[in-house]
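Reader: I'd like to learn how to read a ligand site and the empty spaces in a protein. Can we go through one together?

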Amino acid sequence: MPAVIPFTGQVENHEQQEWIEAINKHSQLCTLAPIDQLSQADRLAADIAVVANPDPAKLKLLPNLKWIQSLWAGVETIFASDINPDINVVRLTDPQLADSMAEAVLAWSLYLHRDMPQYRRQQSKAQWRPLPLELPQDCNISVFGLGKLGTKAVIRLQENGFTVRGWSRSDKTINHVETFHGDCGLRQILPLTDIAVILLPLTPQTENLFDAALFQNLPKGSSVINFARGRVIVENDLLAALDNDHINHAVLDVFVQEPLPVEHTFWTHEKITVLPHISAPTTIATAAAIAAGNIDRYITSGVIPDAADRARGY
Ligand code: NAP
């Protein structure tokens, strides 16, 4: 008899159904079903759940949970909730997601590097005005966060010829990349940055990290790409830095409030490009295979996959 594993998430019904079908297709040993359809006996027997932005109240219906497989890469909302801290939280780490993110980082870095926002403005005024071409090796891109996503982004940017640096919490070695870490490293990398790419998890340490003081330490004319979480940036401080011409342009995929409210200044700001949280969408086919693999390995071996670290926050 395959184990019955509850699925719970605040997602559209059709999306829930797609996840359930995809994971059931890939798993040899379990059957995933919506938590609301499980019997009381199945809920009591469940030691794993698959979750996508779960309602903590639903998880409390599963008193014997040992671990949850999140279908999202960021786990900050789960850690911020009141779910039992003894439950291991396994986040989604999918090489396909990292590839999509690396592609997005390259695409929007090129957008800034090749002055596309400025050419758009010129076109709107029928202005024929070539700007000087900067070579990629003269463009310094700093990637903040050198995890699963940041590391692949660094490599993709390097392949395009950019001069790439990276910053992380702990010391890191990446071939031919100058890396920095901690507070001291942050002070060193900021002045060397033409484009700041943010790929940090949201934690108490990274929340509001990109504030007025940090923007001031970036060179005048530099740009910012935030593909991580909205709250890593103080939005009003970014606006001020753009409005006083210190920061040139910001590409934002994530916001303090999502969807971005229609009345928000960002929508119409000429120095801001707004994206609707699309830099690296989860690919259900590959992510479902990874989640199913994790569950099947646990059922056969009893080994819980590597979990996010609650003390670190990611
Ligand atoms: P990850 O593998 O956990 O890597 C996080 C990186 O950030 C690590 O290099 C870590 O340093 C560094 N870091 C964490 N706290 C830090 C601090 N206080 N100071 C300096 N560096 C710090 O995460 P990931 O898989 O690359 O994902 C990063 C984030 O991207 C996710 O948490 C999620 O919020 C976001 N995301 C966005 C989208 C989207 O579509 N926009 C999609 C997926 C994910 P160490 O290496 O020293 O640990």
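Author: Let's start with a polar contact, a pair of N or O atoms within 3.5 Å. In this predicted model, a nitrogen atom of the ligand sits 3.1 Å from an N or O atom in the side chain of aspartate 253.

Reader: And how much of the ligand's accessible area does the protein cover?

Author: Of the 950 Å² of accessible area that the ligand has on its own, the protein covers 92%.

Reader: Which side chains have a polar atom by an oxygen atom of the ligand?

Author: Lysine 172 is one of them: a polar atom of its side chain lies 2.5 Å from a ligand oxygen. Arginine 229 is another, with a polar side-chain atom 3.3 Å from an oxygen atom of the ligand.

Reader: How many residues surround the ligand, and which are the closest?

Author: To call a residue part of the shell, we ask for a heavy atom within 4 Å of the ligand. Here 29 residues surround the ligand, and Arg91, Leu146, Ser170, Lys172 and Tyr314 are the closest. Sort that shell by class and you get 14 nonpolar, nine polar and six charged residues.

Reader: Where in the chain do the shell residues come from?

Author: You can look at that on two levels. By element, helix H5 (95–113), helix H7 (148–159) and strand E7 (163–168) each supply at least two shell residues. By domain, at least three come from each of domain 1 (3–94 + 282–301) and domain 2 (97–274).

Reader: Okay, now pockets. How much space lies in the second largest pocket?

Author: A pocket is an open set of points, whereas a cavity is one the probe cannot get out of. The second largest pocket holds about 280 Å³ of space. It is lined by 16 residues, and those closest to its centre are Leu112, His113, Arg114, Asp115 and Glu134. H5 and strand E10 (222–226) are the elements that give two or more residues to this lining. By class, the lining has seven nonpolar, five polar and four charged residues.

Reader: What stands out about the backbone at aspartate 115?

Author: Check phi: aspartate 115 has a positive value of about 55°, although it is not a glycine. You'll find this residue in the loop between H5 and helix H6 (116–124).

Reader: How many cavities of 30 Å³ or more are there?

Author: The count comes to one. The largest cavity has about 30 Å³ of space. Its lining includes Asn226, Glu235, Leu252 and Phe266, and by class it has six nonpolar, two polar and one charged residues.

Reader: One last thing: which peptide bond is cis?

Author: For that, read omega. The bond from glutamate 258 to proline 259 is cis, with omega near -5°. Proline 259 belongs to the loop between strand E11 (247–252) and strand E12 (272–274).

Notes:
Residues are numbered from 1 along each chain as its sequence is written. This is a predicted model: local features need pLDDT of at least 70, side-chain atom pairs count only at pLDDT 80 or more; totals for chains, interfaces and linings use all residues. Side-chain values use heavy atoms; hydrogens and water are left out. A polar contact is a pair of N or O atoms within 3.5 Å; within protein, one must be able to donate a hydrogen and the other to accept it, and residues adjacent in sequence count only if both atoms are side-chain atoms. Accessible areas come from the Shrake-Rupley method with a 1.4 Å probe; for residues, only the protein chains shown count as cover. Helices (H or I, at least four residues) and strands (E, at least two) are DSSP runs, numbered from the N terminus. Ala, Val, Leu, Ile, Met, Phe, Trp, Tyr, Cys and Pro count as nonpolar, Asp, Glu, Lys and Arg as charged, and the others, Gly among them, as polar. Domain bounds come from an automatic or database domain assignment. On a 1 Å grid over the protein atoms alone, a cavity is a set of points where a 1.4 Å probe fits but cannot get out, and a pocket is an open set with protein on both sides within 12 Å along at least five of seven lines; lining residues have an atom within 4 Å of a point. Grid points are joined across faces, edges and corners, and a volume is the space filled by probe spheres set on the points.
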